[in-house]
Amino acid sequence: MRIPLVDRTVAARRRWHAYRARQREALAESNRIRGDAADLPVGGDAGEGVGGDVGGGVDTTLTGGTVEPTASGTGDPTTTTTTSGATPSAPTRTGVPLIHQSPFTVGFVGAIGVLAAATLWSMIGALSLTLTLLTVAFFLTLALDPLVQRLVTGGLRRGAAVGIVFLGLLVVFALLAGLVVPPVVEQSSALIKNAPDYVTQLLGQPWVQNLDKDYNLTAQVQQQLTERLRDQTFLSTVAGGLIGAGQALGSGIFQTFTVLILTLYFLASLPTTKKAAYAVVPASRRARVVYLSEEMMRRVGSYAIGQVGVATINGLLSWIAMRILDVSYAEVLAVTVAFLGLIPMVGATLGGALVTGAGLIQSPQTGLILLVYYVIYQQVENYIIVPRIMQRTVAVPGAVTVVAALAGGTLLGMLGALLAIPTAAALLLLYEEVLVPRQRRL
């Protein structure tokens, strides 16, 4: 028979009050002056200090086994007279112990705690980039591990399976780079080469010539350009911006390489790491913890693979549509749409708006056709593609999806929005498997 919750609460409060009473008694006992009762003078009051109070106006001084009064106010009241040949046997004062609840102690301990917390926070801030790379590599590992497990089930050793999956990942990155880098380089070179012609065509426009005639626009532009080129601050700012862009590009390449290496190590050592982590859990709870952990990682990995599949389909179909309509920069836009499709809820809409805008720049008819295409595609994706691909993942309610995406995007930007939904799925599993059954048993 289970004890009611009210009775358990009352019993817990009684135990807490009893514990506090014992603590107060122990503190009072530690503050009390101790001495040997056999050595105290007869009739003395131990509660009034060593030797007690012999009489009015008379101080007592302990001597070798006897107490000799010293007149108060005459001579040195602190003089101690010891009978020759006698050994003092009076109790010794232990002194007043440090008050553990004094303002100084509380303030000092609190200041140390605040300093430790500030130091820990600054260390976490300094390691924010490292923690971000580790998080990305871990989620990428969870996304690739089901593929590795499928190859292992097919008869391959884990090392060979990890090598095949990682090689496929490198091929995907190489294909993306091949699709994006050449058009960007080609179009940038063409822009730099044809920039003078573009300026000449612009200056030859009738409305530009009218503005030049009325406001002397060409002379003013040339004057401003000459002043800017002579301004050292402006040149330093431009040079700093170029250097910063180069540093950002190099940092992005290095971070991508780091994430790939970490993912390779995590994939290779994932079973050993999980085994070591499970060994720390008590044996009585190990089976339950293993089940919950494996299910959480399975759902996170399945969601990541499913989202990548949905984004890939979106990017591929967008590329086909743009090629049919002869939209410029089709490859770059398709890769951008695929990356935006990884963002839950709003990614596909952002990609569609971007491609539609590019079509409108080319011609209003092209933009209208692309707008109709994306409206139809959104319905197909929401009701056909996503349910089929995500059928093995956890179903996250719409409200939770929106809140998680907003919170993740606010905290960590695009990365937070990407990781918010699988994190919410893992927390929902704990809610369904741990919290709700525990509340039912109470």
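What follows is a conversation about the helices of a predicted model and a few of its residues.

Visitor: Before the details, how many helices and strands does the protein chain have?
Guide: In this predicted model, the protein chain has 12 helices and two strands. Read along the sequence, the pattern is α-β-β-α-α-α-α-α-α-α-α-α-α-α, with the two strands coming after one helix and before the run of the others.

Visitor: And what share of the residues counts as buried?
Guide: Of the 442 residues in the protein chain, 22% count as buried. The surface that the protein chain exposes comes to about 30,000 Å², and carbon and sulfur atoms supply 67% of that area.

Visitor: What about contacts, what percentage join residues at least 24 apart?
Guide: If one takes the contacts in the protein chain between residues at least 6 apart in sequence, 58% of them join residues at least 24 apart.

Visitor: Let's go to α8. At what angle does it pack with α9?
Guide: Helix α8, which spans residues 283-325, packs with helix α9, residues 330-341, at an angle of about 155°, and their axes are 8 Å apart. Because an angle over 145 degrees counts as roughly antiparallel, α8 is roughly antiparallel to α9.

Visitor: Is that crossing left-handed or right-handed, and which residues make the contact?
Guide: The crossing of α8 and α9 is right-handed. From α8 the contact draws on Gln307, Ala311, Asn314, Gly315, Ser318, Trp319, Met322 and Arg323, while α9 provides Ala330, Glu331, Leu333, Ala334, Val337, Ala338 and Gly341. Sorted by class, the contact of α8 with α9 has eight nonpolar, five polar and two charged residues.

Visitor: There's a loop between those two helices; which residue with a positive phi, though not a glycine, should I look at?
Guide: That would be Asp326, whose phi is positive at about 60° although Asp326 is not a glycine. Asp326 is found in the loop between α8 and α9.

Visitor: Is Asp326 buried or exposed?
Guide: Asp326 has a relative accessible area of 60%, and since exposed means over 50%, Asp326 is classed as exposed.

Visitor: Back to α8, then. How far apart are the axes of α8 and α11?
Guide: The axes of α8 and α11 are 11 Å apart, and the two helices pack at an angle of about 155°, so α8 and α11 are roughly antiparallel to each other. The crossing of α8 and α11 is right-handed.

Visitor: Which residues meet there?
Guide: On the α8 side they include Gly306, Gly309, Val310, Ile313, Asn314 and Leu317, and on the α11 side they include Thr366, Ile369, Leu370, Tyr373, Tyr374 and Tyr377. By class, the contact of α8 with α11 has 13 nonpolar, five polar and one charged residues.

Visitor: What about Gln378, where does that one lie?
Guide: Gln378 lies in helix α11, which covers residues 364-389. With a relative accessible area of 16%, Gln378 falls under the 20% limit for buried residues and is therefore counted as buried.

Visitor: Which residues is Gln378 in contact with, leaving aside neighbours within four places in sequence?
Guide: With those neighbours left aside, Gln378 is in contact with Ala348 and Thr349.

Visitor: Now α3 and α8: at roughly what angle do they cross?
Guide: Helix α3, residues 128-153, and α8 cross at roughly 90°, and their axes come within 8 Å, which means that α3 is roughly perpendicular to α8. The contact is made by Phe139, Leu142, Ala143, Pro146 and Leu147 of α3 and by Met297, Val300, Gly301, Ala304 and Ile305 of α8. In terms of class, the contact of α3 with α8 has nine nonpolar, one polar and no charged residues.

Visitor: One last residue, Ile261: which helix is it in?
Guide: Ile261 is found in helix α7, which runs over residues 232-280, and at 29% relative accessibility Ile261 counts as partly exposed. The C-alpha atoms of Ile261 and Phe166 are separated by 9.8 Å, although these residues are 95 residues apart along the chain.

Terms used
Residues are numbered from 1 along each chain as its sequence is written. This is a predicted model: local features need pLDDT of at least 70, side-chain atom pairs count only at pLDDT 80 or more; totals for chains, interfaces and linings use all residues. Side-chain values use heavy atoms; hydrogens and water are left out. Helices (H or I, at least four residues) and strands (E, at least two) are DSSP runs, numbered from the N terminus. Buried means under 20% relative accessible area, exposed over 50%, partly exposed in between (1.4 Å probe, protein chains only). Contact means heavy atoms within 4.5 Å. Accessible areas come from the Shrake-Rupley method with a 1.4 Å probe; for residues, only the protein chains shown count as cover. Axes are lines fitted to C-alpha atoms, for helices over the stretch in contact, and angles run from 0 to 180 degrees between N-to-C directions. Angles under 35 degrees count as roughly parallel, over 145 as roughly antiparallel, 65 to 115 as roughly perpendicular and the rest as oblique. A crossing is left-handed if the near helix is turned anticlockwise from the far one by less than a right angle, and right-handed if clockwise. Ala, Val, Leu, Ile, Met, Phe, Trp, Tyr, Cys and Pro count as nonpolar, Asp, Glu, Lys and Arg as charged, and the others, Gly among them, as polar.
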